[in-house]
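Me: Please help me to understand the words used to describe a protein structure. I should like each term to be tied to its definition.

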Amino acid sequence: MIVRPRSSIGLKITMLVLCGTSVVFAMALAYSYSYSRTIILDEAEKNARNLTLSVARRIEQEFRVVEKLPEHLCAFLEAGPCDKDTMLRLVRRLVEENREVFGSAVAFEPNSFQPGVHWYAPYYFKGKSGITFEQIGSDSYDYFTKDWYHLPKVLKAPVWMNPYFDEGGGGIIMTTYSCPFFERGRDGAPDKIRGIVTADVSLEWLSSLVRSIQVGRTGYCFIISDTGTFVTHHNPELIMSESIFSLAEEHHNPALRDIGLAMIRDESGFTPIGSVLWPEDAFLAYARIPSPGWTLGWVFPKRELLARVNNLHRTTVLLAAGGLVLLIAVSLLTARSITQPLIRMAAATGKVAHGDLDIDLSDIHREDEVGQLARSFMGMARDLKKHIRDLTNATAAKQRIDSELSIAADIQRSMLPSVFPAFPSRNEFDIYAVMHPAKEVGGDFYDFFLLDEDHLCVVIGDVSGKGVPAALFMSVTKYLIQAALGAGELPGGVSARVNRHLAVNNESCMFVTVFLGILNLKTGEFLYANAGHNPPLLWDSTSTPSFLGPPGGPLLGIIEDATFDMDRLTFSPGTVLLAYTDGVTEAFDSEGKLFSEERLLEVITSVGQKTVKEITEVLLEKIASFRKGAAQSDDITIMALQFGSRPSSD
Amino acid sequence: MKADPSLITKALRRHINETVIVVLFLVFLQTVSAVQAETVLKKASFAPQWLPQAQFAGYMVALEKGFYREVGLDLTLMVGGPGKPPFVLLESGEATFCTDWLSNGIEKRASGHRVVNLAQVVQRSALMLVAKKKSGIEHPQDLNGKNVGLWAGQFYLQPMAFFRKYDIKVNIIPNYSSVSIFLKGGVDAMSAMWYNEYHTILNSGLSADDLSLFFFSRLGLNFPEDGIYCLEETFRADPGLCHGFVRASLKGWLYAFNNQEEAIRIVMKHAEAAHTGTNKAHQRWMLARMKDLIIPDEDKSSLGKLEPADYALVADILKDFRLIDAIPQFEDFYRGTR
């Protein structure tokens, strides 16, 4: 039997299992991915914040150290009079002894250092040939108009200047810390500004520091000033040219502007920044460097951050895929182990349907339902085979019985006189009889024979039951009757004698009704005895048919010492006696109605002048038409005797 | 207009000089080939009043696109900046042409310098006061008693006239260049150029919403700014040369307005050569504002023209402030298209 792959149970089960498992896997994977992603992002955010904060603190410390230098010098200058040489020595030492400091100036207000001196600003810096001195105030360099001087003066507070490209240092970014010093009032409060002390700081160390921070594999750090200008960045083109705000404007990215605002305003933060500061999606962590008020930013690509999650996810997906393949294999094997026996059973069923019961499924060794089914199936085949064998035997037996029955029927038929006219040489009477058994052999019988030249004996009987036992009982009865008649008994005596013989050893409790009469063919005298049999009909040319009333006796074979009355009639010529068995009056139609004695009487009354054969045939025909196809339930026997000369036509 | 002076250093100047040499060399090469190709080009030099930026985009573009050569000029574009007053360069002969504010031009003319205005390029004043709303400044009167950072010189004029007009007493803090003093809280308001410092402030972390703006051009004090000047002798000697320079410059401006990205590239080239530390976003803003100032209300009919009324307004205020004794004749002063 061919099963299309798509409709195979195995494939269906596999597909269902696969779908279900895939859904479960997918859900679990999605959850695991999103959860681990959240964890990693949280962790990354924490790390990034910590890292940026710690780097920012470190940078701040460096700046704080630098701040102290001019601040101390200011404090010293504010403390009291200081001669020029001491001051110059102090400034020089400040530059000399602090590697971070590129140069330092003490710039005085006009006339503040010395009356009549407008510009006085000694400046020491690390020149090419060591510590170099320069007076920086002049007509062409009016330091009072410079931010580094003007701003702290206006603000009356130290200021970190915006970073700038160093003029002499070959493009090094510098910044300046400018600290004002005052003439202090009596209460120590700043009164009148006297000048500004500066410390120029190269930001080379800052750039190296920021560059040295390895953030992930590809991330980078940068610093923006308090106006958002890039102070350090791995793209040198941005440094001092672009600010985070100009980038936002250039890229039409208002979100970046907001990020920039947050960067110069907030202490620290963590935010996704899209692809502005990086070619792909990236995150930005930032922390303010409170002094000089700049902000450290750390950009790192999202992909790198999520690489771990993605690796984990990839492995999980691969495992899941492997699991699924394994599952498919197992599922297919399992399904196959179930369906293979089923397919074989289906094939076996086909064989059985074609009559081949020699099927062998004994190699399906399974304890489960399939095994059970296979065993049941084999059991069924085995039983079927046995049944067919039995049936064959039974059929043979039945055929044998049938043939025997058929023989028995033949024998029975041969026992009944069936050649008509029965006495072609005698014309003083006419007799006709039929027996239609319900089965092959029947329990009804009739007989007629000449006891001598002038006496005709007629017998009709009905044995209880049907079939072979009835036939046998009938044969015995017939034999006993003939034996009794042979002994010269008259009808009453015959009945008594037969009854006695039958009743003895009648273990099967069978019985027989018998009507027996002896007609004197010369006188028309009719002696008869009725042992429980249906009363025959009698009529002649002058009278209508009527049932022959008593005498009668009990049926034969039950009561051992029963006596039977005998009566005597005299037939006038033309008298017809119609004897029958209960198969006639008790014939059923299809609705269960009886033919009945009334109907019999009615049929016979209306039959008119006919021969006995014709009367019998009419009656048989009426019974048949009454039955309307209903099965014959009992043997039907009719015997008709007409006294007087036979019609000449016969 | 202005930039952080800390950028202008010796090294920078050396760079500038190198650039000038390179430019001169290139110009020389061009000249040689031009001489071979056509008639001899007249040499001229032009001194813009400030550092290379989109404020001078028209001239840079005109040079780059060869518009000066078209009018027979072999032009040298000088690098302006602090410490290089254009009229000084004009009188010393270093520059044939220069740009400067109208107020400066009138003052020079009134004080006996024989300078003439060839074209009034910037028609509208870009000078403004930018104030912090956080300092409680929303209206002119709110400036009373506030620290206001003002640039010196001509930049003083409009603010002072404005304060007088609105009867405002402010505490003036001189500002020499940068916006740091404003950003760091040294002043509550400061003078700024719309095309430059205002945008710098916006790109330093302050938003337009944080700021109150007072445009002098809208307060009855519209002083036309950058105009093209030369010495009267130069004009007398060769009016064609002067008109040619103006024509090519205005053509440069129109080209720059119509081809902004190309103009920005040209400007950035000059700015980077001068290490001004600027960026494209800033120059793009500046060029867009220059268009608003040079062709106000999209009206090209008055391109480069000096209106007598504008002249009168500026001259009157100069006289009021006693910066000039007498107002020079408009016809003597202005030699451009009418």
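Reply: The following turns take up helix packing and then a sheet. This is a predicted model, in which local features need pLDDT of at least 70 and side-chain atom pairs pLDDT 80 or more, while totals for chains, interfaces and linings use all residues. Residues are numbered from 1 along each chain as its sequence is written, and chains are lettered from A and ligands numbered from 1 in the order in which they are written.

Me: Why are helix 1 and helix 8 of chain A called roughly antiparallel?

Reply: The axes of helix 1 (residues 9–79) and helix 8 (residues 307–353) of chain A come within 9 Å and cross at roughly 165°. Angles run from 0 to 180 degrees between N-to-C directions, and those over 145 count as roughly antiparallel. The two helices of chain A are therefore roughly antiparallel to each other. Their contact has 17 nonpolar, 10 polar and three charged residues; Asp, Glu, Lys and Arg count as charged.

Me: What makes strand 2 and strand 4 of chain B edge strands?

Reply: Five strands of chain B form an open sheet with mixed pairing, in the order 2-1-3-10-4. Strands pair if DSSP finds at least two bridges between them. Strand 2 (73–77) and strand 4 (115–120) of chain B each pair on one side only, and are thus the edge strands.

Me: How do you know that strand 1 of chain B pairs with strand 2 of chain B?

Reply: Five bridges join strand 1 (residues 42–47) of chain B to strand 2 of chain B, and these strands run parallel. The definition asks for at least two bridges. Phe46(B) stands opposite Leu77(B) in strand 2 of chain B.

Conventions: Helix = DSSP H or I, 4+ residues; strand = E, 2+ residues; numbered from the N terminus. Parallel < 35°, antiparallel > 145°, perpendicular 65-115°, else oblique.
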